[in-house]
Amino acid sequence: MAETKSENLHRLRRLMLAADEARVAELERALVRLSDRISDTDDWLEMLDPVIADALANKISESKEEMAEALAPVMGPALKHQIEEAKDDIADALYPVIGRTIRRSIAESMKQLVKTVNDKVDKALSFQSLFRKMKSKVAGVSAGELALAESLPLTVHEVFLIHKQSGILLNHVSSQANGESSDQEIIGGMLTAIRDFAKTAFQSGQELSNIRYEDLQIYLEDGRHAYLAVVCTGVANDEFLARLKLTERRVHSQFYRSLRNFDGDVAAFQASRIGMAKLLHDFGTDNEPGSGARRVPIWPAVVLLLLAAGAAFYYTGLADKTIAWFRARPAQPAPLAVDAAVLAAELTERLQGKVTSDLAGIRFVVDGQTLALEGQASSAEERIVIGHTVANLSPARIILNNLNVAAFPLHQAEARLRSLRVQFAADSGDLAPGEMHKLREVVTIMKTYDIPTIYLTGHTDGSGNEALNLQLSRNRAEKVRQHFIENGIAADQIVIAGLGASEPLGNNATPEGQQLNRRVEFSLNTKDTGDNRDNE
Amino acid sequence: MSAASEAIIYSKKICMLGTFGVGKTSLVRRFVHRLFDDTYLSTIGVQIYKKEIADLNSAKGRPLGVNLVIWDLANIESLTPATRTHFNGASAAIVVFDLTRPETFDLKQIHLRTFLEVNPGAQVIFVGNKTDLMAEGPDEKALVAIAGEYDAHHFLTSAKDGSNVDEMFQALAANVIS
Ligand SMILES: Nc1nc2c(ncn2[C@@H]2O[C@H](COP(=O)(O)OP(=O)(O)OP(=O)(O)O)[C@@H](O)[C@H]2O)c(=O)[nH]1
Ligand SMILES: [Mg+2]
């Protein structure tokens, strides 16, 4: 503080250059690593050459050229010189080089190659075993091991829906019970930064469609306002790519307005979860949440993958952040005093009966100033409510809401449908306020799971005479039917009935009970209508 | 279920703008991780942080929260098309000045105009940082003048002793929500 301003500035400059020096060294190391990997790839191509059909060989030699071309500027001594010279402006110096490198990126061309090989191999099984033997001979791995690796089907681990412009995470589903890292939102931002960077760097305006690291990949399916990022292992087939595209389209057609007028209200996208979960479900896995045995924990791998987007990463400085994930959090001032048992009891007291999630199963993990919630929530909405409630109850300044919402299989979708009773205003065929979103969710579930027929049963409260109530209950079901038809469900998929006041859910002596009774219920099975008071 | 459907949560992207060394990263780290570090590691490219602010405004009796997704950008003298994309979709900018260095108050250097072109209608907050270094109390004049020009809020902060940092982010969160 005694220093004068210019001394300060001088010191600042010095510190800054020192930092840059460290970064230059790091960059150089990264480039060397990159080049190692690339020359490996080259070897690999060579060793494959003799075993594959002509058409493929051509493809490979093409890629080789591309690689050589892409590499030349990276490895050229000119660049090293440039870095030396331009320490103050590393980013700008690297910018054009990185652009080209990514454009012809190893990831892209290798993915293409592997996919082509796999498609061919699918068609010629005998060829496959020859291929495998040759490969293992050259690579020195047992043929059995390779067979295992190759037979691993495509497995989707995580699906992100990300707002294209802002990088804000709109929704996320994970196949792992504890698969969520603390900050999926950050991943959304990082992917977007990389994507935008790549796009502007490719003068051709190509979209980055795939980021790959070893056996882990992120597929990016671009839409007008949002994109899907799917983290998976294995190699994608055409079916998956088509489904990915379809899922993206559905998100856009269903949420078009919310996407176009996006103002940060992520809750509006809750129902997109269903389609994303379906993708996870169909191309996932025996890994039901919690059952757990996976070869590698997925999050570090995702981070590695992002790191492997390598040069771009170093450019954007995101590497710091990702590397930091591997390291323990630095020591915090005073550890947070949280009594988990007390907190659990308070949480239960606040939310008992209001949510369906297993509150007792929630764990509270204190790390320095951070309180992390772990466990399962039964819906994305409840996940938020629980997070907020804990924020109110505890002194923690940072709350990591790691609660996971399980992707649901069909039987759960069915249970969900039944729990979505829509309520109506008194003596009226109009929905009660705030009930419309339930109809939207039902429509989404029907479309996503290709449900052939849905049964709608209208009910009334106990007031009024029986004939009128029968009519009113039917009108309510009819109202819902109309909404479904307007939203693309065929008329012959909908069967309606009105049961009047004959099957009350709540006590007709109280206003709350009456409100509960003014409803339409959903079912996939005609026998269930009127008999679906499942325990909640 | 009824409690659940009333939860409202927003996610907002915020960009940190300002010349090198003014304390952008330090302010974010203070706010998000409650940490401060005297060493200076200049940011290259962009780093992204996130913090949830719960219960901002319970006026309607509903839980209302904001996820601030904070993009801590490197100061880049000349914007390239790639670095410009970092501004996309932001709801607000926090423009940081170093009170000990008057030259950091030059708005041209920090591309505020470009930011507002990319995000018309975005909120802006002006911050004079490093109050702890101002022995005779900070001189607010320049800050007030600039904030007045943009009809924006301003704050005097110190990432080092933490003063006004939470207040500044809280005010911003309330602003981007309303
Ligand atoms: N005394 C004091 N020092 C500060 C304060 N805020 C930041 N600094 C110091 O100023 C230097 C620069 O801070 P950074 O947060 O890295 O600055 P920045 O704006 O992110 O810089 P770039 O990333 O290069 O654009 C560091 O040495 C900090 O420790 C403050 O409030 N008080
Ligand atoms: Mg910085």
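**Exercise 1.** What percentage of the 178 residues of chain B count as buried?

*Solution.* Let's start with the ground rules. This is a predicted model, where local features need pLDDT of at least 70, side-chain atom pairs count only at pLDDT 80 or more, and totals for chains, interfaces and linings use all residues. Side-chain values use heavy atoms, with hydrogens and water left out, while residues are numbered from 1 along each chain as its sequence is written, and chains are lettered from A and ligands numbered from 1 in the order in which they are written.

Buried means under 20% relative accessible area, exposed over 50%, and partly exposed in between (1.4 Å probe, protein chains only). By that rule, 61% of the residues of chain B are buried. One cysteine to look at is Cys15(B), which counts as buried because its relative accessibility is 0%.

**Exercise 2.** Find how the salt bridge between Lys164(A) and Asp222(A) connects chain A.

*Solution.* First, the criterion: a side-chain nitrogen of Lys or Arg lies within 4 Å of a carboxyl oxygen of Asp or Glu. Next, the distance: the closest N and O atoms of Lys164(A) and Asp222(A) are 3.2 Å apart. Then the location: Lys164(A) sits in the loop between β1 (155-163) and β2 (169-174) of chain A and Asp222(A) in strand β4 (residues 216-222), so the pair ties together parts 58 residues apart in sequence. Finally, Asp222(A) is partly exposed, at a relative accessible area of 27%.

**Exercise 3.** Now turn to Arg101(B) and Asp98(B): are they buried or exposed?

*Solution.* These two form a salt bridge with closest N and O atoms 3.2 Å apart. Both Arg101(B) and Asp98(B) are buried.

Definitions and conventions: Helix = DSSP H or I, 4+ residues; strand = E, 2+ residues; numbered from the N terminus.
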